[in-house]
Structure formats: structure tokens, C-alpha cells
Protein chains: 2
Amino acid sequence: MLSLSEENYLKAIYHLSEQGKTNVSTNLLAEHMGTKAASASDMLKKLSQKELIDYGRYQGANVSESGKKMALQIIRKHRLWEVFLVEKLKFNWNEVHEVAEQLEHIKSPLLIKRLDEFLNFPKKDPHGSPIPDEHGEIKEKPQFPLAEKPPGFEGLVVAVKDPGNHFLEYLDKIGIYLGAKLKIVDRITFDGSSEVIIDNKKTLFLSKEAGANILLSE
Amino acid sequence: MLSLSEENYLKAIYHLSEQGKTNVSTNLLAEHMGTKAASASDMLKKLSQKELIDYGRYQGANVSESGKKMALQIIRKHRLWEVFLVEKLKFNWNEVHEVAEQLEHIKSPLLIKRLDEFLNFPKKDPHGSPIPDEHGEIKEKPQFPLAEKPPGFEGLVVAVKDPGNHFLEYLDKIGIYLGAKLKIVDRITFDGSSEVIIDNKKTLFLSKEAGANILLSE
DNA sequence: TTCAATTTTTAAATGAATCTAAAATTATTA
DNA sequence: TAATAATTTTAGATTCATTTAAAAATTGAA
């Protein structure tokens, strides 16, 4: 059984790996966790001993098969709770993260099984991220950052890459939501920003950064 | 902000006080918590420093006003989660305790406010115990242990005093549930057991111990 | 390709929460 | 009421997650 800290570090390593990073570094991990390199280094040793990560001194870490499975179970719980908070308790999609960070550590397989049933087996969390099944499997359609698609491309807003940093409040404010139909009208060479139309109605200009953080699928 | 341990010890002191015990002793507390007297003694000092209990060396502890308020908030959360588990997630009333022990420590006032709304402001948990309101107020009708009422008394089963030790499974097995109508037919002098009739139908014999653990109201 | 900068690890401390063992206090009973 | 028993506290260790500071390893740049 993993401790709270072990679960959080393991999840962080998994998320950082998913973001392309291979061999997650001690410093990056520490930064992500809001701790110091020494703490991260200790934890890497511990997780390595439990064979949840592949790690060698000075070489960075990658989740092992069993570590990945464990991380995905925590993520599954996190995302199911987020669905619960939004759909049943009327939380806004930008209010759920911290509470779900706590709820994801509750230990009870029956609870998660029943919660999943109660929510009618959702496949996506409120930010559009896929919910792994009880075996850690994720199935989803290919998704592309808006910024990588050319003018003329039309698709649905299916997720945001990183929901942090008040990005969701910003989307709320400008009227972008999950499931919105979005057409790319133009790409501004000057700054990489995009002109888009939402639901065939409203024209918006999105910065390069915003475009990189909004995921579309056809 | 209290730590997990502090919350659990405080709750235990409150519960023991409620059970008549005044000046909760170090040993009793340790036993209740599954720890050793030395640990309980340390914690008493800490809670006393935070003025959540009144405590003097060798004199036992009682919750202070602010400690009581805090304990009741934890109990409120525990019981609301129990209602959720039974009413929404179809848990049996004997399966909820351990999960609620974890859920009660989630820190989010908004979560509890919304959960309370979602459950339609329940007044009792699945074992019939009253749910304190957001100010820590408890309102309920007087309740009596079955064993203290004489033959002839009729009332409703409204709660169990201590849901531990497989008592709930036992009640399920013999057909006693919350809200059942119960009439005391006879008291057996020999062993203090009671002959009762449930819902004007089924006759049962309950041990002295069972009778002390079942609470009735008129 | 060597040496300086950066990153990572190790070592030594700290604060919780726990334990065992011993000392102090209170309670009991002969 | 004085000795013994029981309870409670203190003292000293242990484990976990963290820190700071110093040492070791890696990287990269002149």
C-alpha cells in the first residue's frame, strides 16, 4: 500500500512522462511537487525499491509497468470524482481539481466501482481527459492542439492540455466549452495566434499559447 | 488546521464523553484509537495546547467548546458521507463506516455544503444517528436503550448506540431495521434479555447486550 | 578536453506520530 | 495508612517526509 506522498510523486512522474518527457529529472519532479531536489531524490529511491519506476542515480525516472498501472488507477479515481463534483454537486469545472486531489486517495475499491456505476460509466472527465478503465486502459480518438492545425480545419473542442493557471476561467469568459464546434479561420504569422469561429457564430482570437492548450478532434 | 491524527483523537474524545464518560482517561482513549497510552498522552498535551480539550496531567480530558464544535463538524461530514454511500451508491449500512472514516477528513466547505444539498438536507445517518447542522447543532427526540424500557413499551427503532463489532449484520439477519415498530413483550429476569415483537408480526429474543445497543423513541 | 556550471545525491536535522521502557503519580486494599 | 497495583507521563528510539548544506557526478562551453 502506497503512502499519500508516494501516490502523489508516482502520479507526477507519470504525468511528466506523458508530456513527452522521458527520464524525468529530479529537479523537474521536485518543482512539480513543490518540494526540493533532495526530497524528490529520496522518493525516487523509494519508488525504485518498490519497482514502481525505473531509475538509476543521475539518470532520471520512468514509470515501470506496475507503476503505470498504479498511476492510472489514481488518475481514474481523480477523474471519476471530478465528474461527480461537476455533474452531481454542480461544481464549476475550474473548482474541482483541489478537491479531487484529496478524494483520489480514498482507499475503497467498492467505492470506485459504485461511483463509476452511479455516474453511468463516464469516459471523460469535465476537462475532456479520458478516464482509464478498471484495468488502466485508455481509449480515445486522436486529439490535436488547435495551434498545430491549419486554417480551414474544423473540429470539436475535446479537452485542454493543462487545466491549471486559470486557463479554464479564461475559456469560460470567452465562451469556449467542451464540445463546442470550432473552425480555424486564419493563422496570424506575426505571433502564431489563431482566428477561430465558435459554433458558427462568434469570432475569437486565440494566442499561440491558448492554441497549444486547446485540444481538438474531428 | 488539524492533522488527520488530531482530528481522529478529538473525535474519539468527543464520542467517549458522549457515552457518559467524563474526564476521558489516557488508557481508554489509547484503547479506542488502537494506540498506546504514551501516544495518547502526547496527543492530549497537543490538543490541550490548541485549547480543543480541557486537560490536566493525570486528570483525563474533556472537549472544550471549540473542540466540541470541531468534533461535530467532523461527525457531520462522516454522517453525510454515510447517507451518500447508502442512498446514492447502494452500500449496505454495515459497509459504510470505514469509507466514511476516510471521507470525513476531506477539506472543502463547498463540498460539504453541496453534498448536503444533493442529499436533500438529511437529518439522520443510515444508523439513525442525528447529523449536526453547519453550526454543530443537533436536534432530535429523546432516545432510550431498549433494555431500559419495561415490558409493554412500544416504540420505533431509531438508532443503534455502537454500530461496530458486526452488530449491524446481526440486526440484518434477524430482521431489525431502522424505523421498525418494536413492542417489548417480556423481560427475562434470569439474563436480562428481552422478548419483543417486530412490526406486530415476528417475535424475537434479544440479549441484554443487544437490548442496550438498540435505541428506541416513541 | 578540461574546468566551471549545473544537477543530483548524500549527510545531518527537524517535526509528526508512533513505539518501548522506565519513572512518576494516583488508586486500592490489606 | 502504608505498601502494592494500576495508570499516566516522560525519555529515548524509530519511521516518514521534509529541509539545508555539502559532496559527487554530469554537462557543456571555451
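These are my notes on the protein–DNA and chain–chain surfaces of a predicted model.

**Entry 1, DNA strand C**

I started by listing what surrounds DNA strand C and found 20 residues. The closest are Thr26(A), Tyr55(A), Ser3(B), Ser39(B) and Lys46(B). I then looked at which atoms of the strand come within 4 Å of the protein, and sugar and phosphate account for 84% of them.

Next I looked up individual phosphate contacts. In chain A, a polar backbone atom of Asn27(A) is 2.9 Å from a phosphate oxygen of DNA strand C. In chain B, I noted two side chains. An N or O atom in the side chain of Lys36(B) is 2.9 Å from a phosphate oxygen of this strand, and a polar side-chain atom of Tyr9(B) lies 3.4 Å from one.

I also sorted the surface by element. Two or more residues each come from α2 (26-33) and α3 (37-49) of chain A, and from α1 (4-18) and α3 (37-49) of chain B. By class, I have seven nonpolar, eight polar and five charged residues near DNA strand C.

**Entry 2, DNA strand D**

I repeated the search for DNA strand D, which has 20 residues around it. Ser3(A), Ser39(A), Lys46(A), Thr26(B) and Tyr55(B) come nearest. Of the strand atoms within 4 Å of the protein, 83% belong to sugar or phosphate, and the rest belong to bases.

For the phosphate contacts, I noted two serines of chain A. A side-chain N or O atom of Ser3(A) is 2.4 Å from a phosphate oxygen of DNA strand D, and a polar side-chain atom of Ser39(A) lies 2.4 Å from a phosphate oxygen of that strand. From chain B, I recorded a polar backbone atom of Tyr58(B) at 2.9 Å from a phosphate oxygen.

The elements that each supply at least two residues here are α1 (4-18) and α3 of chain A, and α2 (26-33) and α3 of chain B. I count seven nonpolar, eight polar and five charged residues on this surface.

**Entry 3, chain A against chain B**

Last, I looked at where the two chains meet. Chain A gives 20 residues to the contact and chain B gives 20. The buried area is about 1,600 Å², with 74% from carbon and sulfur atoms. On the chain A side, Leu89(A), Gln102(A) and Arg114(A) lose the most area to chain B, together 30% of what that side buries.

I searched for salt bridges between the chains and the count is zero. Six residue pairs are in polar contact. On chain A, α4 (65-88), α5 (97-103) and α6 (109-118) give two or more residues to the side touching chain B. The largest share, five residues, comes from α6(A). I sorted that side into twelve nonpolar, three polar and five charged residues.

Methods: Residues numbered from 1 in each chain as written. Chains lettered and ligands numbered in written order. Predicted model: local features only at pLDDT ≥ 70, side-chain atom pairs only at ≥ 80, totals over all residues. Heavy atoms only, no water. Near = heavy atom within 4 Å. Polar contact = N/O pair within 3.5 Å; in protein donor to acceptor, adjacent residues only side chain to side chain. Helix = DSSP H or I, 4+ residues; strand = E, 2+ residues; numbered from the N terminus. Nonpolar A, V, L, I, M, F, W, Y, C, P; charged D, E, K, R; others polar. Contact = heavy atoms within 4.5 Å. Buried area = accessible area lost by both parts, 1.4 Å probe. Salt bridge = Lys/Arg side-chain N within 4 Å of Asp/Glu carboxyl O.
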